[in-house]
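Subject: The two-chain model, handed over

Hi,

Here is the model I promised to pass on, with my notes underneath. Have a look at it first, and then read on.

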Amino acid sequence: MHIHKLEKVWIAIGFVTLVAFLTTVGIQAFASDGHHGAPSDLTKLDPEKVHETEPFDDPGLHKIGENEYELVMILESYGFTPHEVRIPEGSTVHFQITTIDVVHGFEIAGTTVNMMATPGHVNSMTYTFEEKGNYLILCNEFCGTGHHFMSAELEVY
Amino acid sequence: MVNALDARLSMYHFYTAFAALLIGGFFGLLQTLVRSEQLTLPVDLNYYQVLTAHGVLLALVFTTFFIFGFMYAGVVKTTGEFASHRRKAAWIGFVLMLIGTIMATTLILMNKATVLYTFYAPLQASPFFYIGLAFIIIGTYFAAYAIISQYRSWRKEHKGEKSPLFTFMAVATLVLWLIATIGVVTAVTLQYIPWSFGWTETINVALSRTLFWFFGHPLVYFWLLPAYMAWYVTVPKIIGGKIFSDSLARLAFLLFILFSIPVGFHHQLLEPGISEVWKYVQVVLTFAVIIPSLMTAFAMFASFEIAGREKGATGLLGWFKKLPWSDVRFLAPFIGMAFFIPAGAGGIINASHQMNQVVHNTIWVTGHFHITIGATVILTFFGISYWLIPHLKGRVLTKHINNLGKYQIVLWTVGMFIMSAAMHFSGLSGNPRRTQITSYNGHEAAASWGSYEVAMSVGGTLLLFSIFLFIGLMINLAFWAPKGSEEFPIGEEFEDTHQLPKLLENWKVWIAIAILLILIAYTIPVIDLIQDAPPGSPGYQFW
């Protein structure tokens with residue numbers, strides 16, 4: 001099969017770019033300090049017994065260290081429990097979420113906090129809030145006709 | 001000229017496709033008006049019903065009917081008329097698809113299937129919605145039989161010759177489709193239907209999502225490849241040039257089969273229950289699709305340059321001016337190609353773990369697929385329609401309609417540019433997709449989204465006007481335009497290669513590699529999802 005010389009060059013450039021991109025994504029996901037992999041918690045639970053299962057039997061903000069918190073949240077159509085959270089500036093928050101009914105999204109607008117909650121699974125990620133402000137937590141997956149009412153607030157003071 | 005019986009077969013597909021485009025497009029405008037809070041829907045029609053109908057009618061119905069109408073016409077053009085049993089199979093396929101479409105649409109409008117077109121469990125629609133979807137897919141199997149069996153008998157009768165490029169590409173697209181639909185057919189028949197009838201109490205949600213995306217990503221290539229068929233085979237002829245390389249075109253299609261299926265996890269990057277390692281494996285395979293995409297870009301511009309130079313163009317870029325800009329049959333697909341440059345880059349962003357974190361489920365993603373399917377693909381389909389409808393109806397594309405067609409294309413381009421730009425930009429600051437109202441009681445984080453929502457409605461208005469104009473022109477071309485013979489453009493090769501590398505038409509090898517890649521990418525995570533599943537979910541109807 002004849003391949004034009006310029007096409008070989010073009011494909012070679014594409015291939016090198018591809019390897020460079022994948023290496024960057026791979027290093028950031030698996031080998032960087034902050035560990036910027038995708039939220040992929042493998043913990044499971046019974047979606048109909050969420051309220052009886054740790055840590056969701058005690059949802060809310062728990063201080064676990066200097067400027068470090070664990071935020072346990074339950075998602076359901078159409079709300080977050082808890083729905084108002086206050087943390088000091090510079091806090092690192094370990095989010096742990098699950099849903100008691102359908103699939104929901106957990107997004108904090110203007111940050112990289114973004115993950116899915118699917119029934120039967122716990123999802124988690126960590127984020128450090130460096131700036132003061134009123135953050136909007138919203139559900140970004142359709143969960144019923146009241147989906148657009150599903151939001152919560154996180155205040156960093 | 002395609003014979004009358006096969007022409008009618010294609011035309012019925014186009015009538016259905018264009019009806020779906022009109023209704024689905026109207027629903028699209030309604031959404032932008034509701035989101036920007038300029039319109040309140042009547043109480044018995046909610047936003048999410050309209051959204052479901054928009055997705056089903058445009059992404060599933062319009063595309064599928066148009067694609068089969070186009071493929072039938074091209075296959076018949078390049079391999080001869082259908083044997084009657086194949087034409088019969090194609091009609092059975094059409095009827096099944098139509099029944100499925102009517103069932104699904106009716107249930108959506110009755111508010112019994114407000115689950116959006118991705119129908120994620122455990123939201124539970126009426127079982128007849130899923131049965132309607134199954135009818136559509138079974139219909140496509142009859143259609144695939146007609147084309148693939150036509151191709152096989154052509155090859156038997158033409159031993160040692162290479163198959164017509166158009167038909168080869170149609171078969172490649174169908175091979176991709178047949179493998180891809182295994183995922184959604186499994187989910188619908190073994191999970192959704194028994195569960196929605198109440199025969200099983202719960203559903204394995206993570207598995208259903210994985211099976212859906214096994215299908216969902218190659219689905220977008222099922223839309224894109226017919227556009228590529230037009231680019232590779234018909235556009236070179238329209239511009240008075242040649243097909244740059246027949247064998248590389250075939251190779252690109254085969255690579256799309258390999259790299260569009262074992263990649264569904266990149267839609268599930270933010271989901272629990274799937275390990276990071278398997279997500280990354282599929283991200284690697286996702287990125288590999290860059291290679292056939294770059295080959296396609298090269299082939300297009302090479303054939304543009306060849307055409308321009310044959311018309312006497314000089315200098316490095318002189319050929320660019322020689323392209324037939326005033327011919328709607330070229331203008332439409334060319335703008336589609338131009339849209340694909342940012343669209344492809346956006347796709348790479350979405351598939352990259354860290355950047356996906358910013359845009360996942362924001363309206364950025366909606367913007368992304370409105371410049372892929374909603375610009376690249378549909379502009380190419382518009383371009384095809386301007387010559388194929390008169391070709392099939394024994395009429396001609398007049399200069400007057402060609403000129404109005406250019407306005408239609410420009411209207412679409414401007415509308416889509418405004419709408420998708422607003423979607424992309426507001427998505428970056430978190431504006432969620434699939435959400436009726438995004439003001440969140442005036443929350444400061446959402447303050448900037450309102451003006452983008454208005455921009456989307458301006459774009460959406462232009463898009464609906466473009467659809468009105470398009471439908472009017474199509475009615476004209478089908479029933480009123482002067483009688484005559486409009487060309488079905490089939491390009492010739494730049495350097496005639498009578499002999500193809502045998503490997504290129506050895507389907508067993510390519511299908512085997514495709515299955516191997518699928519097994520590598522999916523076996524272990526799917527076994528995990530089944531064996532190690534949490535208790536399942538009952539159904540919910542939150543509407």
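To start at one residue: which residue of β2(A) is the bridge partner of Gly65(A)? It is Glu68(A). Before going further, please keep in mind that this is a predicted model.

**Chain A: the domains**

The domain assignment divides chain A into domain 1, residues 1-37, and domain 2, residues 50-156. Between the C-alpha centres of domain 1 and domain 2 of chain A there are 35 Å.

**Chain A: β2 and its partners**

Strand β2 of chain A is a good place to begin, since several pairings come together there. Strand β1 (residues 60-65) of chain A runs antiparallel to strand β2 (residues 68-76) of chain A, and five bridges join the two. Besides the pair I opened with, Leu61(A) has Leu71(A) in β2(A) as its bridge partner. The two strands make a hairpin, with two residues between β1(A) and β2(A). One residue of that turn, Asn67(A), has a positive phi of about 60 degrees.

Leu71(A) is worth a second look. As well as being the bridge partner of Leu61(A), Leu71(A) stands opposite Phe95(A) in β5(A). That second pairing belongs to the contact between β2(A) and strand β5 (residues 92-99) of chain A, where the strands run parallel and are joined by eight bridges.

β2(A) also pairs with strand β3 (residues 79-81) of chain A, this time in the antiparallel sense and over three bridges. Here Ile74(A) stands opposite Thr81(A) in β3(A). A hairpin with two residues in the connection leads from β2(A) to β3(A).

**Chain A: two cis peptide bonds**

Where in this stretch are the cis peptide bonds? One joins Ser77(A) and Tyr78(A), with omega at about 5 degrees. Tyr78(A) is in the loop between β2 and β3 of chain A. Another cis peptide bond joins Thr81(A) and Pro82(A), and its omega is about 0 degrees. Pro82(A) sits in the loop between β3 and β4 of chain A, while Thr81(A) is the residue that stands opposite Ile74(A).

**Chain A: the five-stranded sheet**

Chain A also has an open sheet of five strands, in the order β4-β10-β9-β6-β7 and with mixed pairing. Its edge strands are β4 (84-87) and β7 (114-117) of chain A, each of which pairs on one side only. From one strand to the next, the twist averages 20 degrees. At the β7 end, strand β6 (residues 104-108) of chain A and β7(A) pair antiparallel through four bridges. Within that pairing, Glu107(A) has Asn114(A) in β7(A) as its bridge partner.

**Chain B: helices**

Now for chain B. Helix α13 (residues 363-393) of chain B has a bend of about 35 degrees at Ser385(B). How many of the residues of α13(B) are buried? The count is 29 of its 31 residues, so the helix is mostly covered. Just after α13(B) comes Gly394(B), with a positive phi near 65 degrees.

Helix α11 (residues 328-351) of chain B contains Asn350(B). Is Asn350(B) buried or exposed? Its relative accessibility is 12%, and because buried means under 20%, Asn350(B) counts as buried. Leaving aside residues up to four places away in sequence, Asn350(B) touches His266(B), Leu269(B), Asn356(B), Val359(B), Trp364(B) and His368(B).

**Chain B: two loop residues with positive phi**

Two loop residues may interest you for their backbone. Glu37(B), in the loop between α1 (4-35) and α2 (47-79) of chain B, has a phi near 60 degrees, which is positive in a residue other than glycine. Leu116(B) is not a glycine either, and has a positive phi of about 65 degrees; Leu116(B) lies in the loop between α3 (84-109) and α4 (127-157) of chain B.

How do the two stand in terms of accessibility? Glu37(B) has a relative accessibility of 49%, so it counts as partly exposed, the cut-off for exposed being over 50%. Leu116(B), in contrast, is buried, with a relative accessible area of 2%.

Do write back once you have had a look.

Best wishes

Conventions. Residues are numbered from 1 along each chain as its sequence is written. Chains are lettered from A and ligands numbered from 1 in the order in which they are written. This is a predicted model: local features need pLDDT of at least 70, side-chain atom pairs count only at pLDDT 80 or more; totals for chains, interfaces and linings use all residues. Side-chain values use heavy atoms; hydrogens and water are left out. Domain bounds come from an automatic or database domain assignment. Two strands pair if DSSP finds at least two bridges between them. Axes are lines fitted to C-alpha atoms, for helices over the stretch in contact, and angles run from 0 to 180 degrees between N-to-C directions. The bend at a residue is the angle between axes fitted to the seven residues ending there and the seven starting there. Buried means under 20% relative accessible area, exposed over 50%, partly exposed in between (1.4 Å probe, protein chains only). Contact means heavy atoms within 4.5 Å.
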